[in-house]
Amino acid sequence: MISTPALVAPSAGAAFEARTVEHRDLRDDDVLIDIKFAGICHSDIHQVREEWGSAHFPMVPGHEIAGIVSAVGDGVTKYKVGDRVGVGCMVDSCGECEFCKDGEEQFCSKGAVMTYNGKGYDGEQTKGGYAQQVVVSERFAVGIPDGIELDVAAPLLCAGITVWSPLKRWGAGPGKKVAVIGLGGLGHMAVKLAAAMGAEVSVLSRSDAKKDDGLALGAAAYHATGDEGVLKSLKGTFDIIINTVSADLPMQTYIGLLRPLGVIANVGLPAGNYDFAPGAVVGGSRVVAGSNIGGIPATAEMLAFCAEHGIGATIEKISADEVDAAYDRVVAGDVRYRFVIDTATINA
């Protein structure tokens, strides 16, 4: 077994503890990654606090991983020691179903193995990126181009690919007007990516508190949706809306912001159901869509695009002993715009 220092949540909602955890010995197709940085995703908090149902404890969260390959299995051909790689939300899939063969491993018919709070096909609990090392199949490590520093690359492995997928699917680019609801970890990446794709980007946020940031990130316009009359003035404006928030939005109103044939793609997971009349979508042939993460080929494409355009996440780098406080700050919306853990500070 391979032992490594890690941050462990011993039970639901408990403070993190620095412990030593074990990973399997390298299989033929495995790579050992020395993790340098791990992003904090809001889904980490949901799972550590059991807000999405029962979870597996003790838990090592983290699915925004950036590091360096330090060892490879005998059959590995994709990577060598010293390569810069990232790991996102998945660490295994069957590799045989139609979705895996199409590079959409997140839809694996057997069920993709999640990076943490999951179980591998061998029955072992998966452990994530709040650690100094991780072992994964080479199929689920993605090369990080030299044009991106590892600390700002880590959040791209979840936040980046999560918004890249709907932007690509629905054709964001020149001549398209894209609105991004929410300027947080996901939203700030959606603004950067959509702007780099050539779209005209607007931020829709509750207040003007982040207006300067939104414009600096690449938005052409910023609208405070809490101000009276703002949403009404934007009716029929956008081709694509990326909804990054997990709030119970008045979906009917936001559908009304779309042009005919427009789409609102939801990547947040609110507690309640969306409510809208069929006529809201039928009349303008509009679409209300959901979007998952992307597969490994799409993730590699996104990283190459980011390197080409000089895009990384906007981050606050923290040490291991600041993670508990960082969780509370994320819930309060007090982060610009992704916390990233320097894993060298984990002392088990």
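**A parallel sheet and its helical cover in a predicted model**

Four of the five residues of strand S10 are buried, so S10 is largely enclosed by the rest of the structure. The model described here is predicted. Strand S10 spans residues 177-181 and pairs with strand S11 (residues 200-205) in the parallel sense, with five bridges between the two. Within this pairing, Ile181 has Leu204 of S11 as its bridge partner.

Both strands belong to an open sheet of six strands, arranged in the order S12-S11-S10-S13-S14-S15, in which the pairing is parallel. The edges are occupied by strand S12 (221-224) and strand S15 (287-290); each has a single partner strand, so one side of each is left without a neighbour in the sheet. On average, and with direction ignored, neighbouring strands of this sheet are turned by 20° against each other. Strand S14, comprising residues 258-266, runs parallel to S15 and is joined to S15 by four bridges. In this pair, Ile264 is positioned opposite Val288 of S15. In general, the strands of a sheet pair through backbone hydrogen bonds, in either a parallel or an antiparallel manner.

Helix H4 (residues 159-169) lies across S10, S13 (238-243), S14 and S15, and runs at about 160° to S13. Helix H4 also packs against helix H5 (residues 185-196): the two axes come within 8 Å and cross at roughly 50°. The helices H4 and H5 are therefore oblique to each other, and their crossing is right-handed. On the H4 side, the contact involves Ala159, Gly160, Thr162, Val163, Trp164 and Leu167, which meet Gly185, Leu186, Met189, Ala190, Leu193 and Ala194 of H5.

Beyond strand S12, the loop leading to helix H7 (230-233) contains Thr225. The relative accessibility of Thr225 is 15%, so this residue counts as buried, the cut-off being under 20%. When residues up to four places away in sequence are not counted, Thr225 touches Leu204, Ser205, Arg206, Val230, Leu231 and Tyr254. Among these contacts, Leu204 is also the bridge partner of Ile181 in the pairing of S10 with S11.

With regard to annotation, an unreviewed UniProt entry assigns residues 13-341 to "domain: Enoyl reductase (ER)". In the model, this span is 25% helix and 25% strand, and its end C-alpha atoms lie 19 Å apart.

Terms used
Residues are numbered from 1 along each chain as its sequence is written. This is a predicted model: local features need pLDDT of at least 70, side-chain atom pairs count only at pLDDT 80 or more; totals for chains, interfaces and linings use all residues. Side-chain values use heavy atoms; hydrogens and water are left out. Two strands pair if DSSP finds at least two bridges between them. Axes are lines fitted to C-alpha atoms, for helices over the stretch in contact, and angles run from 0 to 180 degrees between N-to-C directions. Contact means heavy atoms within 4.5 Å. UniProt positions are given in the numbering used here, feature names are shortened, and annotations may be inferred rather than shown by experiment. Buried means under 20% relative accessible area, exposed over 50%, partly exposed in between (1.4 Å probe, protein chains only). Angles under 35 degrees count as roughly parallel, over 145 as roughly antiparallel, 65 to 115 as roughly perpendicular and the rest as oblique. A crossing is left-handed if the near helix is turned anticlockwise from the far one by less than a right angle, and right-handed if clockwise.
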